[in-house]
Amino acid sequence: MRQLFSFVLLSLVSLSSFFVSASAAAADYHEQLVLRPLPLSALLASFNFRSNTSLSEFEAHNFRFFPRSLGQILQHAGTQELHLRFSLGRWDSESWGARPWDGAREGGTGVELWAWLQAATDEEADHKWLTLTNALSGLFCASLNFIDGTRTTRPVMSFQPEGDHLNTTAVDTHLLYGVLPHEVVCTENLTPFLKLLPCKGKAGIATLLDGHKLFDASWQSMAIDVRPICPAGGECVLQIELTIDMVLDIDRSKRPRDNPIPRPPPGHELPCNTSKPYHSHDTCFPTDHQANQDWTLSQIFGRTMKGTCPLTDPTVPPVCLQVPNSRSVYHSDGVLEKKNLDRVSRCFEIKPDVNFEIVLPTPDDESAVLVKPETPLLYAERSFTGHGQERGGVQTILRNPSPDTEVEFIYMESLPWFMRVYLHTMSARLQGQSAKDDALIKEVYYRPAVDRARGTQLEVRMRVPPASTVFLTYDFEKSILRYTEYPPDANRGFDVAAAVITILSPAAYNLRTTSLLCSLPTPDFSMPYNVIIFTSTAIALAFGGMFNILVRRFVAADEGPEVGLAVLKKRIKERVGALVEKIKKDKGQKIPYEARNKSGKANDSGVETEVIKE
């Protein structure tokens, strides 16, 4: 009895300690999905997964919520802070407004990577950078190993650290930045991303992540951020944050179920803007806000959400929806809905074993369909200028929408080495003015390119006055590559990475321009094959003639064998005669097996056979 009591007491103590540790562990990890309807039948879905681990446990290789595969890479490469981006598509700031997370989780088209490495010299930092890129390439099934010296820069004014680096100095800390604008982001990059999560894709909001839906989005970005956080009076922790943002087209997302083959809707079903003066029974101007804003969670993502991750912090609601409070929203049973005080968002508390579903019906009041998007601090557009295959130019249009606030920012470009920038041609001017304004540019950092060794690095600190548009332009020269340096799709052109804009004031904000496609002089790749074929033919003819001269024996005409039709007839007759004689000889010696018998006497045909004894 005493042993039984001791066993029960021990079980209760261990069970209570388990719940205490589980509750403490839950505070180190949380995940949340924020859904925000956008104009033009779009929906922004932001997935955020964040976990913390103490630096002491991380250095002791005690991985709990932090993924071991990534942690060992960071330790081996001496990485203090890491930021990795996989992006695809273009954010339409004119229609969708400000970027999610103030652009901090956004990357340019392709793959971006920047990290702070601890090294004593630049050579050691380059070696660790090579180790880091090769290891991440294998982990995320991406071509990060192609980030060599020609695609790596060392930013000076851009990319300030987000973490707290207390025990390091500026001499031992090296910032390196690499970009692959031609990298195609696909589901092979999503699968290792999900493996970094504590619950993988088996429970919680991660069950909604489907590669078919994610990469069918109009714009998507996957971000991984690792940084040290040192709170005041607390122990330093290493924080990893995984973020997926995507803009889904509601009409296209619902089409595979209701309308697999795209067909135009009937005329009476078109959502028209009746406020236009030219609206009539045969003229329809489409609406820009109210169209296709009724959907369900299973229609958008193709499935319902399977409960919540049991390791997540229960105080953080897993799903939030940003719609006006006056709009009706239906959800599945066992879910608690809480409307926030801002009156434009609500969150849902979900039980671990409940399949969560949201139904957003057609709104009754058209004025309360969407939350008005925020206006971004700056609009940026970039394009090529000029013509021909020898020289060109880059023009960036920067527009400040604020009527009374000046915007100051850092404009950074990482250009390939075959774009030789003429720095003396760089100028900035205001719209409506023909002369350049030197007061717009405050500081310039320029690192010229070295052929086949490093690219061009250009960082410009400038400002845009209120309600103004600034044109930043410069010229460049195109280099001629060796024919072995052209890719298989050389006529397509070469991708130029997006420009990175870091806004310093009035608030911290980041944005990327679109990537560019640079066309270089392309040789005629059929000429080498023509030369190879011509050379091979000439060598074959020369070798064949020389071989005949060396090995063939020449004799006089009377010394050679007789030729002619009579000789041929004679030879044929001799061959036929020899063949006939051989057939007769073989027939006379052959004894048919059927004619043999065991008595050894002649058979019916009169031919005597011998007895075969076994």
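These are my notebook entries on the cysteines of this predicted model, with a few entries on the chain as a whole.

**Entry 1. Overall make-up**

I began with the secondary structure and found eleven helices and 27 strands in the protein. I then looked up burial: of the 614 residues, 42% count as buried. For the surface I noted about 34100 Å² exposed by the protein, with carbon and sulfur atoms supplying 56% of that area. I also checked how contacts spread along the sequence. Among contacts with a separation of 6 or more, 71% are between residues 24 or more positions apart.

**Entry 2. Disulfide count and pairing**

How many disulfides does the protein have? Taking sulfur atoms within 2.5 Å as the criterion, I count four disulfides. I numbered the bonded cysteines in sequence order and wrote down the pairing as 1-6, 2-3, 4-5, 7-8. I looked at three of the pairs one by one below.

**Entry 3. Cys-199 and Cys-309**

I found a disulfide between Cys-199 and Cys-309, with 1.8 Å between the sulfur atoms. The S-S torsion of this pair is about 65°, so I logged the disulfide as right-handed. Where do the two partners sit? I placed Cys-199 in the loop between helix H6 (187-195) and helix H7 (211-214). Cys-309 is in the loop between strand E10 (305-306) and strand E11 (319-321). The pair links distant parts of the chain, 110 residues apart. I checked exposure for Cys-199 and Cys-309 and both are buried.

**Entry 4. Cys-272 and Cys-284**

Next I looked at Cys-272, which a disulfide joins to Cys-284 at an S to S distance of 1.9 Å. I read a torsion of about -110° about the S-S bond of Cys-272 and Cys-284, so this disulfide is left-handed. Cys-272 and Cys-284 both lie in the loop between helix H8 (250-258) and strand E9 (295-296), so the pair ties together parts that are twelve residues apart in sequence. Are these cysteines buried or exposed? Neither label fits: Cys-272 has a relative accessible area of 22% and is partly exposed. Cys-284, at 34% relative accessibility, counts as partly exposed too.

**Entry 5. Cys-320 and Cys-347**

I then took the disulfide of Cys-320 and Cys-347, where the sulfur atoms are 2.1 Å apart. The angle about the S-S bond is 100°, and the link is right-handed. On the chain, I found Cys-320 in strand E11 and Cys-347 in strand E14 (residues 346-350). This pair links distant parts of the chain, 27 residues apart. I checked exposure here as well: Cys-320 is buried, and Cys-347 is buried.

**Entry 6. Cys-186 and Cys-518**

Why does Cys-186 have no bond to Cys-141? I looked up the closest cysteine sulfur to that of Cys-186; it belongs to Cys-141 and is 8.6 Å away, which is too far for a bond. The cut-off I apply for a disulfide is 2.5 Å. Cys-186 has 28% relative accessibility, so I list Cys-186 as partly exposed. I also looked up Cys-518, which has a relative accessible area of 1% and is therefore buried.

**Entry 7. Residues 527-551**

Last, I checked an annotation against the model. An unreviewed UniProt entry places the feature "transmembrane region" at residues 527-551. I looked up the secondary structure over residues 527-551 and found the chain to be 100% helix and 0% strand. The end C-alpha atoms of this stretch are 36 Å apart.

How values were computed: Residues are numbered from 1 along each chain as its sequence is written. This is a predicted model: local features need pLDDT of at least 70, side-chain atom pairs count only at pLDDT 80 or more; totals for chains, interfaces and linings use all residues. Side-chain values use heavy atoms; hydrogens and water are left out. Helices (H or I, at least four residues) and strands (E, at least two) are DSSP runs, numbered from the N terminus. Buried means under 20% relative accessible area, exposed over 50%, partly exposed in between (1.4 Å probe, protein chains only). Contact means heavy atoms within 4.5 Å. Accessible areas come from the Shrake-Rupley method with a 1.4 Å probe; for residues, only the protein chains shown count as cover. UniProt positions are given in the numbering used here, feature names are shortened, and annotations may be inferred rather than shown by experiment.
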